[in-house]
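Here's a walk through a small sheet and the core packed around it. Have the model open as you read.

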Amino acid sequence: MVQRILGSPVDDQTRCIHYRTPLDVVAIKFRCCRQYYPCHLCHEESAEHAAVMWPADEHDAAAVLCGVCQTELSIRNYLEVDGCPRCGAPFNPGCRLHSHLYFTTETH
């Protein structure tokens, strides 16, 4: 099933106006609204609420979408791979620099 991507996507592989290199092919399901956005900036610009991070104890949730094949990955799986385990599409390694905007990495 093709997921609805909110925000400012520019193509059918989830690239957006903010991040549109050949490797920018993931969308994140935000915990606060359970909607997919290409990036944190798209959520900030489009959603009428503040973003809420996924806590570490919910990292088994399917919350990352491969824009190439539409496979949903768990947060845990996404954080462990460099590309889609289904289709092999590589993910932008620079996205890891923003993971703290989406996912907490420790339990409290």
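## The sheet and its core

S1 and S3 run antiparallel to each other, and their pairing covers 3 bridges. One of the residues involved is Val-26, whose bridge partner in S3 is Cys-66. Bear in mind that this is a predicted model.

Now zoom out a bit. The open sheet has 4 strands, ordered S2-S1-S3-S4, with antiparallel pairing. S2 (35–37) and S4 sit at the edges, each pairing on one side only. From one strand to the next, the twist averages 35°.

On to S3 and S4. They too pair in the antiparallel sense, over 3 bridges, and Val-64 stands opposite Leu-73 in S4. The two strands make a hairpin with 5 residues between them. If you're checking backbone angles, look at Gln-70 in the turn, which has a positive phi of about 70°.

Here are the two S3 pairings next to each other:

| Strand pair | Sense | Bridges | A facing pair |
|---|---|---|---|
| S1 and S3 | antiparallel | 3 bridges | Val-26 and Cys-66 |
| S3 and S4 | antiparallel | 3 bridges | Val-64 and Leu-73 |

How many residues of S3 are buried? The count is 4 of its 5, so the strand is mostly covered under the cut-off of 20% relative accessible area.

That leads into the core. The largest nonpolar core has 25 residues, and those touching the most other members are Val-64, Cys-66, Leu-73, Tyr-78, Phe-91 and Phe-103. Strands S1 (26–30) and S3 (62–66) and helix H2 (75–80) are the elements that each give two or more residues to this core. As a general matter, nonpolar side chains in soluble globular proteins tend to be buried together.

Cys-66 is a good one to click on. Setting aside neighbours within four places in sequence, Cys-66 is in contact with Val-25, Thr-71, Leu-73, Cys-84, Cys-87, Ala-89 and Phe-91.

Last stop: Ser-74, which belongs to strand S4 (residues 72–74). Is Ser-74 buried or exposed? Ser-74 counts as buried because its relative accessibility is 19%, while the cut-off is under 20%. The Ser-74 side chain reaches the backbone nitrogen of Asn-77 at 3.0 Å. Beyond neighbours within four places in sequence, the contacts of Ser-74 are His-59, Asp-60, Ala-61 and Ala-62.

Methods. Residues numbered from 1 in each chain as written. Predicted model: local features only at pLDDT ≥ 70, side-chain atom pairs only at ≥ 80, totals over all residues. Heavy atoms only, no water. Core = buried A, V, L, I, M, F, W, Y, C linked by side-chain atoms within 4.5 Å. Buried < 20%, exposed > 50% of the residue type's maximum accessible area, 1.4 Å probe, protein only. Contact = heavy atoms within 4.5 Å. Polar contact = N/O pair within 3.5 Å; in protein donor to acceptor, adjacent residues only side chain to side chain. Pairing = 2+ DSSP bridges. Axes fitted to C-alpha atoms, helices over the stretch in contact; angles between N-to-C directions.
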